[in-house]
Amino acid sequence: MATSFPVDQIKVLLLENIHATAHEVIRAQGFQLETVPGALKEDELALKLRDVHLLGIRSKTRVTERALAEARRLLAVGCFCIGTNQVDLAAANQRGIPVFNAPFSNTRSVAELVIGEIIALARQLGDRSREVHEGRWRKVAAGSYEVRGKTLGIVGYGHIGSQVGVLAEALGMKVSFYDTGNKLPMGNNRPCPSLQELLAKADFVTLHVPLTPQTREMIGAAEIAAMKKGAYLLNLSRGNVVVLPALADALRAGHLAGAAIDVYPEEPETNREGFTTPLRGLPNVILTPHVGGSTSEAQAAIGREVGGTLVKFVNTGATVGAVNFPQVELAPIKGTDRILNAHRNVPGVLRDINRIVSEHDANIHSQVLSTDATLGYLIMDLDQDVSNEVKKDVAALETSIKTRILY
């Protein structure tokens with residue numbers, strides 16, 4: 001299908017060593033592809049975005065309002081990871097830029113790491129390994145336990161949390177979970193009515209929640225004090241969910257027997273920078289550099305998932321899966337032109353657009369509109385002979401943010 005904008009002029013910028021599977025998906029479309037191995041600072045990113053149509057990032061790049069203000073041609077942002085808090089989603093929404101992520105592809109990798117760390121904490125493997133590397137032989141059984149029969153408390157029972165529960169149950173653990181929504185339990189996993197009840201009975205607590213105003217610092221001194229003495233805390237979700245100084249105090253006091261932390265409130269933007277945390281040097285604490293989803297399998301799957309989503313958006317206008325945008329998808333109709341329009345969500349916009357179509361004696365073959373609190377997004381298939389005139393007049397509406405003819 002011919003497009004109104006030459007595909008070989010669509011510029012794609014991928015940062016932070018995004019997997020080659022994404023490169024293959026994008027190059028197969030004939031798009032121009034530029035890759036940068038690391039993250040870019042705000043000034044560098046703003047300069048780069050001036051002539052970029054698609055941006056792909058991972059977790060270290062911060063896509064700020066200022067950077068987006070320079071991105072006059074930007075159509076969409078792809079986060080090749082689960083989280084999207086590194087993007088100013090509201091600013092992107094206001095500019096008609098959908099942001100996509102990969103909510104499923106690294107689920108198994110994170111879940112497996114959680115299970116591995118539960119066993120490692122129960123056996124103090126990090127400490128024993130370090131001691132042998134230092135030339136010390138300390139063969140002890142005190143403080144080491146089997147995980148079979150222990151209770152795992154899962155906070156956040158989404159894609160990752162529920163899979164952790166399935167794997168833990170296979171090890172013979174008792175699994176309870178707490179989630180703010182109603183979730184279907186997997187296997188013999190059991191819901192808990194409150195976070196406090198879960199904390200009080202779990203031997204291991206693992207966190208799998210997004211960063212929201214409600215989850216920010218949800219595990220602080222009071223919540224840690226409510227945990228069982230000798231319990232373990234794992235966080236592979238978001239760095240600001242746990243108050244790390246409070247966790248360090250509980251570990252030093254012996255209230256908790258160990259912890260595994262993969263995410264931090266502030267993380268280096270490159271592998272060359274130094275790093276510090278209140279948890280460094282504490283016994284039976286596993287610290288990893290945000291590698292929960294860093295497996296070859298997960299990165300390859302993420303590259304295909306997000307790369308494919310971006311290509312589908314460019315080729316059809318579909319926004320299903322966008323985290324900051326109305327969800328719209330419409331099958332192409334042969335022999336028509338497709339107009340995409342993002343506009344301010346105020347009364348009368350569809351009336352004005354349909355009036356323009358009527359004035360040009362155009363026939364609408366299909367039309368889908370979806371809105372959120374601030375933005376409306378319309379896909380409309382029209383007769384080909386009048387689409388340019390309709391697009392020009394729709395774009396001129398005071399309410400229009402971004403309008404283009406797709407094909």
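Helix 5, in this predicted model, has many buried residues, namely Thr107, Ser109, Val110, Ala111, Val114, Ile115, Glu117, Ile118, Ala120, Leu121 and Ala122. The helix runs from residue 107 to residue 122. Further topics are an enclosed cavity with a volume of about 90 Å³, a pocket holding about 290 Å³ of space, and several individual residues.

**Helix 5**

- At 1.5 Å a residue, the 16 residues of helix 5 should span 22 Å, and the end C-alpha atoms are 23 Å apart, so the expected and modelled lengths agree.
- After helix 5 comes Gln124, which has a positive phi near 55°.

**Helix 10 and helix 9**

- Helix 10 covers residues 244–252, and its buried residues are Leu244, Ala246, Leu247, Ala248, Ala250 and Leu251.
- These buried residues of helix 10 pack against helix 9, strand 10 (231–235), strand 11 (256–261) and strand 12 (285–287).
- Helix 10 is followed by Gly254, with a positive phi near 85°.
- Helix 9, one of the packing partners of helix 10, spans residues 221–226 and includes Ala221.
- Ala221 has a relative accessibility of 54%, and it therefore counts as exposed, the cut-off being over 50%.
- Ala221 and Tyr178 are 43 residues apart along the chain, and their C-alpha atoms are separated by 19 Å.

**The cavity**

- The structure contains 1 cavity of 30 Å³ or more.
- The volume of the largest cavity is about 90 Å³.
- Its lining consists of Leu75, Gly96, Pro98, Phe313, Phe325, Leu340, Asn341, Ala342, Tyr377, Lys402 and Arg404.
- Strand 13 (336–344) and strand 16 (400–405) are the elements that give two or more residues to this lining.
- Strand 13 provides the largest share of the cavity lining, with 3 residues.
- Sorted by class, the cavity lining has 7 nonpolar, 2 polar and 2 charged residues.

**The second largest pocket**

- About 290 Å³ of space lies in the second largest pocket.
- This pocket is lined by 15 residues, and those nearest its centre are Phe5, His53, Leu75, Arg404 and Ile405.
- Strand 16 gives the largest share of the pocket lining, 4 residues.
- The pocket lining divides into 7 nonpolar, 4 polar and 4 charged residues.
- Leu75 and Arg404, listed here for the pocket, also appear in the lining of the largest cavity.

**Thr403 in strand 16**

- Thr403 belongs to strand 16, the strand that gives the largest share of the lining of the second largest pocket.
- Thr403 is buried because its relative accessible area is 13%, and the cut-off is under 20%.
- Beyond residues up to four places away in sequence, Thr403 touches Ile339, Leu340, Asn341, Lys391, Val394 and Ala395.
- With one of these residues, Asn341, the side chain of Thr403 makes a side-chain polar contact of 2.8 Å.
- Asn341 is also among the residues that line the largest cavity.

**Tyr157 in a loop**

- Tyr157 is placed in the loop between strand 6 (151–155) and helix 7 (159–170).
- Although Tyr157 lies in a loop, it counts as buried because its relative accessibility is 3%, under the 20% cut-off.
- Apart from its neighbours within four places in sequence, Tyr157 is in contact with Ser162, Phe177, Tyr178, Asp179, Lys183, Leu184, Pro185, Met186 and Asn189.
- The side chains of Tyr157 and Asn189 are joined by a polar contact of 2.7 Å.
- The C-alpha atoms of Tyr157 and Val99 are separated by 24 Å, and these residues are 58 places apart along the chain.

**Positive phi values outside glycine**

- Glu16 is not a glycine, yet it has a positive phi of about 65°.
- Glu16 is located in the loop between strand 1 (11–15) and helix 1 (20–27).
- With a relative accessibility of 7%, under the 20% cut-off, Glu16 counts as buried.
- His290, likewise a residue other than glycine, has a positive phi near 55°.
- The position of His290 is in the loop between strand 12 and helix 11 (296–316).
- His290 is partly exposed, because its relative accessible area of 29% falls between the cut-offs of 20% and 50%.

Conventions: Residues numbered from 1 in each chain as written. Predicted model: local features only at pLDDT ≥ 70, side-chain atom pairs only at ≥ 80, totals over all residues. Heavy atoms only, no water. Expected span 1.5 Å × (residues − 1). Buried < 20%, exposed > 50% of the residue type's maximum accessible area, 1.4 Å probe, protein only. 1 Å grid on protein atoms, 1.4 Å probe; cavity = no way out; pocket = protein on both sides within 12 Å on 5 of 7 lines; lining within 4 Å. Points joined across faces, edges and corners; volume = space filled by probe spheres on them. Nonpolar A, V, L, I, M, F, W, Y, C, P; charged D, E, K, R; others polar. Polar contact = N/O pair within 3.5 Å; in protein donor to acceptor, adjacent residues only side chain to side chain. Contact = heavy atoms within 4.5 Å.
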